[in-house]
Amino acid sequence: MLRLAAALTAATLVASAGYAAASASTAPTRPTVSDGAVPAPSSASPHAGSVSRAAAPLAGTTIVIDPGHQLGNSRFPRQINRPVAAGGLRKACNTTGTATNAGFPEATFTWRVAKRLRAMLRARGATVVMTRTRNSRALWGPCVDVRGKLGNKGYRGRTRAADLKISIHGDGAAASGRGFHVIVTSRRGAVVRSARLGRLTRSALEDRGFRRSTYTAAGTALVRRGDLGTLNLSRIPTVMVELGNMRNPRDARTMRAKAGQRRYARALAVAAQSYLGR
Ligand SMILES: [Zn+2]
């Protein structure tokens, strides 16, 4: 209930930003469909295959990273509040996201972790698809329907489904609570595989020293929800991670720091790799 209340409050806040101020019209961030490279096979030797596998354990895989929100969302209320199909329900295209009490935006936090994660996954041979490729106050979106569908087989010409998706967020809960939680879909479909990815993500974050949420999920740090377009519309194993509570001073310090961002990214890279069995 607490989660639901928080979500409703956020939605209400965004809705109250109003439609009147919108006049500018700017194209939303355009997701890239091919945004990485599989390394060339190593030269012929009796051990070429194993060497290549060790150097690039994620070769041949495609991973979607969804850095939550866009920095300019608050400047485009008409576009951001527009309802879109979100898997059996309609929801606002997106929200502004939250921020630390000092004003460090969630969009920038998710972007920085996503960029580090992208570099780590590419270094291991993965092809990475991003739902947005810039962090700019001049841009908005994409909407949750695009974020949800990107990576699905058949969407935007994709002939093979991506292997998994990680949607990166920071929470904006009451300041006293801290810690991460992982959200997976409660819908049918990719639910079983997503649940496994969720458990591995939790383990990877804990192994990197992050604490489970103290304010939701009853200490499990795992939540199932059926009201999120990003999860509802995805047909591949998907987790949404709330990496910390940006309103909590201790979490905010970690989320603001480069070392903290790097540690989050490392944990997510480990989760992806262990899920893929590489
Ligand atoms: Zn968010």
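These exercises walk through the fold of a predicted protein model, each with a worked solution.

Residues are numbered from 1 along each chain as its sequence is written. Since the model is predicted, local features need pLDDT of at least 70 and side-chain atom pairs count only at pLDDT 80 or more, while totals for chains, interfaces and linings use all residues.

**Exercise 1. Find out where the model deserves caution.**

Step 1. Start with pLDDT, the predictor's confidence in each residue, from 0 to 100. The protein chain has a mean pLDDT of 86, and 80% of its residues reach 70 or more.

Step 2. Look for weak stretches. Over residues 1-27 the pLDDT is below 50, and the model gives this stretch 29 contacts beyond near neighbours in sequence; two residues are in contact if their C-beta atoms, placed from the backbone, lie within 7 Å. Residues 29-46 also stay under 50, with 41 contacts beyond four places in sequence.

Step 3. Draw the practical conclusion: where pLDDT is low, the predicted coordinates should not be read in detail.

**Exercise 2. Work out the strand order of the sheet and its edges.**

Step 1. Take stock: the protein chain has 9 helices and 8 strands. Helices (H or I, at least four residues) and strands (E, at least two) are DSSP runs, numbered from the N terminus.

Step 2. Trace the pairing, where two strands pair if DSSP finds at least two bridges between them. Strand 5 (residues 164-171) runs parallel to strand 8 over 6 bridges, and Lys165 has Thr238 as its bridge partner in strand 8. Strand 8 (residues 238-245) is joined to strand 6 by 3 bridges, in the antiparallel sense. Strand 6 then pairs with strand 7 (residues 222-225) in the parallel sense, over 4 bridges.

Step 3. Assemble the order. An open sheet of 6 strands results, ordered 4-1-5-8-6-7, with mixed pairing. Strand 4 (127-130) and strand 7 are at the edges with a single partner strand each, so one side of each has no neighbour in the sheet. Neighbouring strands are turned by 25° against each other on average, direction ignored; the axes are lines fitted to C-alpha atoms, for helices over the stretch in contact, and angles run from 0 to 180 degrees between N-to-C directions.

**Exercise 3. Is strand 6 buried or exposed?**

Step 1. Apply the test: a residue is buried if 20 or more other C-beta atoms lie within 10 Å of its own, exposed if 12 or fewer, and partly exposed in between, with C-beta atoms placed from the backbone.

Step 2. Count along strand 6 (residues 181-185): 5 of its 5 residues are buried.

Step 3. Separate the faces. His181, Ile183 and Thr185 lie on one side, Val182 and Val184 on the other, and both sides are covered. Val182 has bridge partners in two strands: Val241 in strand 8 and Leu222 in strand 7.

**Exercise 4. Connect helix 9 to the sheet and the core.**

Step 1. Locate helix 9, which has 18 residues (258-275). It packs on the sheet, touching strand 1 (62-67), strand 5 and strand 8, and its direction makes about 150° with that of strand 5.

Step 2. List its buried residues, among them Ala265, Leu268, Ala269 and Ala272.

Step 3. Find the partners. Leaving aside neighbours within four places in sequence, Leu117 contacts Ile65, Ala265, Leu268 and Ala269.

Step 4. Place these in the largest nonpolar core, which has 62 residues; such a core is a set of buried Ala, Val, Leu, Ile, Met, Phe, Trp, Tyr and Cys residues joined through C-beta atoms within 7 Å. Those with the most contacts inside it are Ile63, Ile65, Leu117, Leu121, Leu268 and Ala272.

Technical notes
Expected span 1.5 Å × (residues − 1).
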